[in-house]
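Hi,

Here is the model I promised to pass on. Have a look at it first, and my notes follow underneath.

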Amino acid sequence: MSMFKSKNEGNIYKCTVRLLDDTELIECEFQPFHRGNYLVEYICDQLNIKERDYFGLRYVDNSKQRQWLDLGKPILKQIKDLDPMLFSFRVKFYPADPFRLTNQGRTMLYQQLKRDLRHGRIYCSVGEAAALGSLIVQEELGDYNEEIHVENYVASMNLALRQTESLERKIIELHKKREPRQNPSEVVNEFLSIVSSLETYGIDPHPVKDHRGSQLYIGINYTGISTFICGKRSQHFRWNEVQKINFEGKMFIAHLSYTDASREAKLAVDDRNVHLNRQERKIMKNKGVTFTQSIVSSE
């Protein structure tokens, strides 16, 4: 823990914030009374970001769990045993419409979504992965040039989690076909348009287990709560269907209500097809259906 004393200022602590591309770092100072919002505001000021509510700072605690810095609590109380004090600046809330952000906000979102693609948080088809990869190549390398871009020139680029030679060939094919002299901002906007339409846009999947011990994932975004099996969405509950959410230890419980008869029948079938650990179902046929689902999440 880095700390030094300054006259009339008490203790001043130093921390490091890693930005979205992982190569840039910002050194920050704070005092014991500063809350989490102080650091987020400082970083957004440095990066000229106006839409600050979408961003946050993550850190890894002593039990190796990723945590979000609470903006309303003192920084020091949250990370007092952390050494070194290292944060990662990340998008915390993904906007429903990326194009309502300013240019800088869209740039930061683009950087985050490239990370999501590299780390496997975006589930998509091979064709979609190739299209997204070709846009990243276009943005980073510019127009295809047969004298410069020879052989497998994208092999050294970290574009996707499962980056096979076959995928790289598809990316190269699409890059060759792209319209020349395209403005980089147009490329970024095209990338955002594709990603924001995907089911896993803005979702940070958390592993859960069913009654057989088989793994699936649960995640939330601006549309609602989703579960995924083998990379495909198995269930999706919109926010206007969610009555309440509670946590009991490691248990996550979502209480959902439906009033549409056709929706009731469909969900009853879906529920039987996806058996989640410690699942509770309560179906009331008078005045609609209440569906209560319990999920035990591993850390």
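I'll start with Arg 233, which is partly exposed, with a relative accessible area of 29%. Keep in mind throughout that this is a predicted model. Arg 233 makes a salt bridge with Glu 199, and the closest N and O atoms are 3.6 Å apart. What I like about this pair is where the two ends sit: Arg 233 belongs to strand S10 (residues 232-238), while Glu 199 is in the loop between helix H6 (184-195) and strand S7 (206-209). That makes it a link between distant parts of the chain, 34 residues apart. Glu 199 is partly exposed as well, at 42% relative accessible area.

More salt bridges

The count for the whole model is 14 salt bridges. As a reminder, side chains of opposite charge can pair when their charged atoms come close. Have a look at Arg 238 too, whose partner is Glu 241, with the closest N and O atoms 2.9 Å apart. Is each end of that pair buried or exposed, or something in between? Arg 238 comes out as partly exposed at 40% relative accessibility, whereas Glu 241 is buried, with a relative accessible area of 7%. The cut-off for buried is under 20%, so Glu 241 falls in that class.

Then there is Asp 22, which I kept coming back to. Its side chain meets that of Arg 18 in a salt bridge (3.7 Å, N to O). Both residues are partly exposed: Asp 22 has a relative accessible area of 35%, and Arg 18 is at 28%. The pair is also part of something wider, since Arg 18, Asp 22, Arg 90 and Arg 115 are linked in a network of salt bridges.

Backbone oddities

Asp 22 turns up here again. This residue has a positive phi of about 70° although it is not a glycine, and its place is in the loop between strand S2 (10-18) and strand S3 (25-30). Glu 151 is another non-glycine with a positive phi, in this case about 50°. You will find Glu 151 in the loop between H4 and H5. Is Glu 151 buried or exposed? It is exposed, at 76% relative accessible area, because the cut-off for that class is over 50%.

There is also a cis peptide bond, running from Asp 83 to Pro 84, with omega near 5°. Pro 84 lies in the loop between helix H2 (75-79) and S6.

While you are looking at prolines, check Pro 98, in the loop between strand S6 (86-91) and helix H3 (103-118). Pro 98 counts as buried, at 2% relative accessibility. In sequence, Pro 98 and Ser 193 are 95 residues apart, yet their C-alpha atoms are 8.0 Å apart in space.

Pocket and cavity

The second largest pocket has a volume of about 530 Å³. How many residues line the second largest pocket, and which lie nearest its centre? There are 21 in the lining, and Gly 120, Ile 122, Tyr 123, Leu 161 and Arg 162 are the ones nearest the centre. Helix H4 (126-141) and helix H5 (165-177) are the elements that give two or more residues to that lining. By class, the lining of this pocket splits into 11 nonpolar, six polar and four charged residues.

As for closed spaces, the count is one cavity of 30 Å³ or more. The largest cavity has a volume of about 30 Å³. Its lining is made by Tyr 54, Phe 55, Val 91, Phe 93, Pro 95, Leu 101 and Leu 109. Sorted by class, that lining has seven nonpolar residues, no polar ones and no charged ones.

On the surface

Last one: Ile 220, Trp 239, Ile 245 and Phe 247 make a nonpolar surface patch of about 400 Å². Ile 245 sits in strand S11 (residues 242-248) and counts as partly exposed, at 35% relative accessibility. Residues need over 30% relative accessible area to be part of a patch, so Ile 245 meets that cut-off.

Cheers

Terms used
Residues are numbered from 1 along each chain as its sequence is written. This is a predicted model: local features need pLDDT of at least 70, side-chain atom pairs count only at pLDDT 80 or more; totals for chains, interfaces and linings use all residues. Side-chain values use heavy atoms; hydrogens and water are left out. On a 1 Å grid over the protein atoms alone, a cavity is a set of points where a 1.4 Å probe fits but cannot get out, and a pocket is an open set with protein on both sides within 12 Å along at least five of seven lines; lining residues have an atom within 4 Å of a point. Grid points are joined across faces, edges and corners, and a volume is the space filled by probe spheres set on the points. Helices (H or I, at least four residues) and strands (E, at least two) are DSSP runs, numbered from the N terminus. Ala, Val, Leu, Ile, Met, Phe, Trp, Tyr, Cys and Pro count as nonpolar, Asp, Glu, Lys and Arg as charged, and the others, Gly among them, as polar. A salt bridge is a side-chain nitrogen of Lys or Arg within 4 Å of a carboxyl oxygen of Asp or Glu. Buried means under 20% relative accessible area, exposed over 50%, partly exposed in between (1.4 Å probe, protein chains only). Patches are made of residues with over 30% relative accessible area and no salt bridge: like charges are joined within 9 Å, nonpolar side chains (Val, Leu, Ile, Met, Phe, Trp, Tyr) within 5 Å. Accessible areas come from the Shrake-Rupley method with a 1.4 Å probe; for residues, only the protein chains shown count as cover.
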